[in-house]
Amino acid sequence: MTDKYTQLVSHGLGKDVAKRLGLPQPVVLRRYQPGAPLVTGPVLVIGDSAGADDIATTLLGWGLDVRRNALPKEELGAIVVVLDAVQHPRDLSKSVLTAGTSLRDLAANARVVTISRTSQSAPSPASAAARQGIDGLLRSLAKELRAGTTANGILLDDDLATTSPSALGALRFFLSGRSAYVDGQFLTVSSTSGMLPNDSDKPLAGKVAVVTGAARGIGAAIARTLHRDGATIVAVDIPAAGDHLAAVANEVRGTALQLDISRDDAGHRIIEHAIERYGRLDIVVHNAGITRDRLLANMDEGRWQSVIAVNIAAQLNINEALMASKYFKDAPRIVSVASTSGIAGNRGQTNYGASKGGVIGMVRSTAALMESFGGTINAVAPGFIETEMTAKMPFAIREAARRLNSLKQGGQPQDVAEAIAFLASDAAGGISGEVLRVCGQQLVGA
Amino acid sequence: MAVADETSGGTRNQGSAPQAPRAAVIVGGNRIPFARTGGAYVKSSNQDMLTAALDGLIARFGLQDERIGEVAAGAVLKHSRDFNLTREAVLGSALSPETPAYDLQQACATGLETVIGLSNKIKLGQIDSAIAGGVDSASDAPIAVSEGLREILLDLNRAKTPVQKLKIIGRVRPKDLAPDAPNTGEPRTGLSMGEHQALTTAQWKITREAQDELSFNSHRNLAAAYERGFFDDLITPYRGLNRDSNMRADTTLEKLSSLKPVFGKNLGSEATMTAGNSTPLTDGASTVLLATAEWADAHGLPKLATVLDGEAAAVDFVHGKDGLLMAPVFAVPRLLARHGLTLEDIDFFEIHEAFAGTVLSTLAAWEDEDFGRTRLGLDGALGKVDRAKLNVNGSSLAAGHPFAATGGRIVASLAKMLHEKGSVDGRPARGLISVCAAGGQGVVALLEAA
C-alpha cells in the first residue's frame, strides 16, 4: 500500500536518518477502518460564537472528548476553529492565535478544521475580507502541519447553522480517516438538505450505486469502498475489460455491466440494468476516463476526440438520461472524477485537461438542475494517486510527483474513493456543485 | 440480486412437488472468447476456463454465494484429473460451495445436452435454477502413455520384490515410449471426422463454392454481431482475448477459394473441404443460466427464452448407411413433428458448423424428396431452410468449436436473438438448434422467446 520510502522513514533508523538529513518525512496516513474512532484523541473546539457552542455540544453528543480550553501538554486528536461570526479581519486573531498555541500538542494524523462562511454571501467588504482571509490562512496552515495532520475548512452559506446536516457530515468526513489525503481544501455547504446516517459505518445502506470504469485502479477502489459503506454495486466498464470487471463485481457481490459509456444509449442501459436487477438507482459515479497524451503541436484528431468523448461527452449524455428518468428522482447523487490536470493543467494533456476542466464546468452547471428533486452533483479531483498507471511513470518524475505535496506522498485509490463515498451519502445532501481535491495539497499548480 | 441462502446444507427444497410441467427459462449466458488451439489459452486447463466462464456469468447476474439448484457441464477431451471437473470449477467460483454439480459427456453435443437435461429437471420441479455449460482445450489435451507401457507400469506397481521389478522393467521396448495423443478419429472406422464429412459432402454433391460462401457468411455475420455490441452481455474476455481469435472479419471469398483441400484428397476433383470451410481445433468454455420464471423474477433477472424441447438421434455410420455427422437430419423432423411444426415455423436456425459441408449436407437432405420419403418417412422433402434465418450471427466456422462449449455458445446467443425478436405473427419467436457429434450422434433443441 504505502510506498517503500514512506515505510522506510516511518520507523527506527530510517526515521532518524531522514530527520538528520532533512529529507521529506512522510508518515503512514491514518485511513478509515470500519469501527475505528472518529479521531485519535480529545477535540479542542475554539471560538466564542453560539455556533461554536453548538459544535462543542454536538461533538460531545457523538461521544468525543471535547475541550473548550486546551489542557497543558495534552495530546489532541483535532482542533475545530469555529469562525462563523467574524465580521472583520481583526476578529480572526483571537481564535487563530489560540489555535496556534495548541498546534504542537496535535498527535500524528490529527485534524484541524475551520468552520466559517462563504465570502460571496458576505454583507460587507470587511466581512468578505475576514471570510476570504480564512482561505489563505487555512491553506498556509495546512502547509505547516506535519506527520499526516491535515487542515481543511467548511464554508457555510449565510443562513445556515454550524450544525446543519451537511456541515456536520463534512465535519465528520474531515475529522475521520476518510479524508486522509484531503489537505488544504474547503467544502461549501449551501443548503439544509441531507441527514446523518443511522449507522456511521454503513452510510450507504440500501443504496444502489453505479460505478463506471470499475474494472481496475481508482474505479475498483470506489466499488469496494461504496460496497463497504453498504451500497449495492453495478460495476460498469468497457467489454474489453470484462474479466477484471467480473472479478471486481464478484468481490463486491454486485453485478458487472459490460458497456461502452460513449454509446448513445449508455444512460438508458445503465438505468435499465439497475432498475431491472435492483428496482432503484441512487448513485452514479462517473469514474471512467482515458488519457491519450501528446503535446498539442503533435495532437491528432483521434487522440483529441476519444478523450473528449469518453471523459466528458459521455458524462453529459448519461446525466441527461438520468435526469429525464423517473427512477432518478429520490435525492439521487452524481459524483464525477475530475483531475487536478483540469484545474492546474499538465504538459502534454491539453485534451485531458479540456475534458477534466469540462467535468468541473458540467458539475457546477448541473447542480442547479438536480436541485428541484433533492439531487446533488459534485466532483472529486485526484492529485498523484498510486495506481498501475502512475507506477509506469519514469522513476524520477514519479518520485517528484509523489513528494510535491504537503503530505509528502502519493494518495491511494481508496482516498479518492472515500471522498466520493462521502459526497454520495445522505450526509452530503447540502453540498452540490463542488469540486473536492484529493491531492494531499499538491504544491505546484493551482 | 444475490440472495444468500441462509438455510444452508440443503434443508431448503429447491424445487416444488411435481405438478404440471413448468417452463425452463434461459436467463442468459456467458462464455470466454474462443481461441485457436496453441493460442491465448495454451496454458489454461479445462478447469481454469470453465471457472472463468462461470465467474463471468456470476458477475453478470449477481450470483455470488447463491446456491444454484445444479450445475452440469463437461469436456470432450478430459484429463484423468478432470474426473469431477464441474464440481471443482464450482468450488473455485464465487457460487455457494453448497451448489451440487455433475459432469456429462456426449461428444460435441455435450453442451446442448446439459441444457436439455437441466431444463428437464427444472420442468419436473426438481430444481429452480441451473447452470449448463461445457469446456474444451485442444491445447492442454491429455497425452497418455502407450497401451504397452501402461500395462508394464501397472504390473510394476503390483510387483513386490526388486527382482520382479527388474524383470518387468526389462519388458519396456522403445516403441512403448511413444505417447498416445488424442485425435478426432472414429474408433470404429479409423477415419477422422473431416474424412468422414468429406464422404458425406461428396455424396450430397455439395460444391466448393457453396461451402466457401457459408464460411464467408459465418465470418461476416460474427464480425457484424461483434461490431453492433451483440456479444457485450454474452462474453467476458479471458487472458487478454476479447474476441474469438479464429474470426477473420476481413476474409473474402477469393481468399477462401484459394485454399487447398485438406480432407477427402483421395476424392480427386471432388475434394472440396479446406481449412477455411472446416472448423479448427479450438479452446474455450461457455455457460448458460437456466431457471423457472419465478426464480428469475425473484432475482430481478431477465427471461430471454424458454427451452421447449430436445431430441437426440444417432446414425449407423459404421456400415456407411448415413454420414457420421448426419444424425440431426433425423432428430429435427422428429422434434418438429412432436410440436406440429414445420421448418417454415422456425424464425432462427442455428446449425452447428462443424464443417460447411455438414450444414449444407443437412440442408440438402431435408430438401430431398426421395430422402424425405424413404428415410424420414414423410410424404416428401422435410422442407427448405430460409438461408436468411440461418446462423445469422455467425457460427462455429468463424467462432471456432471447443467441442463441449459450442452448445452453450449457441443456446445463449439464440436466446438473446429470440428475446430481441420477441413475437412473430402474434406468437413467440422460435429457434431451432442442431448439433452433430462424434459417434454418429446428434442433439437438437427447440427454443421460444420468453
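**Two domains, two sheets and a chain contact**

Student: How far apart are the centres of domain 1 and domain 2 of chain A?
Tutor: Taken over C-alpha atoms, the centres of domain 1 of chain A and domain 2 of chain A are separated by 29 Å. This is a predicted model, in which local features need pLDDT of at least 70 and side-chain atom pairs count only at pLDDT 80 or more, while totals for chains, interfaces and linings use all residues. Residues are numbered from 1 along each chain as its sequence is written, and chains are lettered from A and ligands numbered from 1 in the order in which they are written.

Student: Where do those domains run?
Tutor: In chain A, domain 1 covers 31-189 and domain 2 covers 208-438 (bounds from an automatic or database domain assignment).

Student: How many residues does each one give to the contact?
Tutor: Domain 1 of chain A gives 23 residues and domain 2 of chain A gives 18 residues (contact: C-beta atoms, placed from the backbone, within 7 Å).

Student: Which elements of domain 1 take part?
Tutor: On the side of domain 1 of chain A that touches domain 2 of chain A, two or more residues come from each of α5 (125-144), α6 (165-175) and β6 (186-189) of chain A. Helices are DSSP runs of H or I with at least four residues, and strands are runs of E with at least two, numbered from the N terminus. The largest share of that side, 5 residues, is supplied by α6(A).

Student: What else does α6 do?
Tutor: α6(A) lies across β3 (76-82), β4, β5 and β6 of chain A, at about 160° to β4(A) (angles run from 0 to 180 degrees between N-to-C directions, with axes fitted to C-alpha atoms, for helices over the stretch in contact).

Student: In what order do the strands of that sheet come?
Tutor: In chain A, 6 strands form an open sheet in the order β2-β1-β3-β4-β5-β6, with parallel pairing (strands pair if DSSP finds at least two bridges between them). β2 (66-67) and β6 of chain A are at the edges with a single partner strand each, so one side of each has no neighbour in the sheet.

Student: How many bridges join β4 and β5?
Tutor: There are 7 bridges between β4 (residues 106-117) and β5 (residues 150-156) of chain A, which run parallel. A:R117 stands opposite A:L156 in β5(A).

Student: OK, new topic: the other sheet?
Tutor: Its 7 strands, in chain A, form an open sheet ordered β9-β8-β7-β10-β11-β12-β13, again with parallel pairing. The edge strands, β9 (255-258) and β13 (435-438) of chain A, pair on one side only. On average, neighbouring strands here are turned by 20° against each other, direction ignored. Between β10 (residues 283-286) and β11 (residues 333-337) of chain A there are 4 bridges, and A:V284 has A:I334 as its bridge partner in β11(A).

Student: Which strands does α7 lie across?
Tutor: α7(A) lies across β7 (208-212), β8 (232-237), β10, β11 and β12 (376-382) of chain A, at about 170° to β7(A). The axes of α7 (residues 217-228) and α15 (residues 413-423) of chain A come within 8 Å and cross at roughly 50°.

Student: And chain B?
Tutor: The contact takes 19 residues from chain B and 17 residues from chain A. Helix α8 (residues 242-251) of chain A and helix α1 (residues 46-61) of chain B have axes that come within 8 Å and cross at roughly 65°. There, A:G242, A:A246, A:A249 and A:N250 meet B:D55, B:G56, B:I58 and B:A59.

Methods. Two residues are in contact if their C-beta atoms, placed from the backbone, lie within 7 Å.
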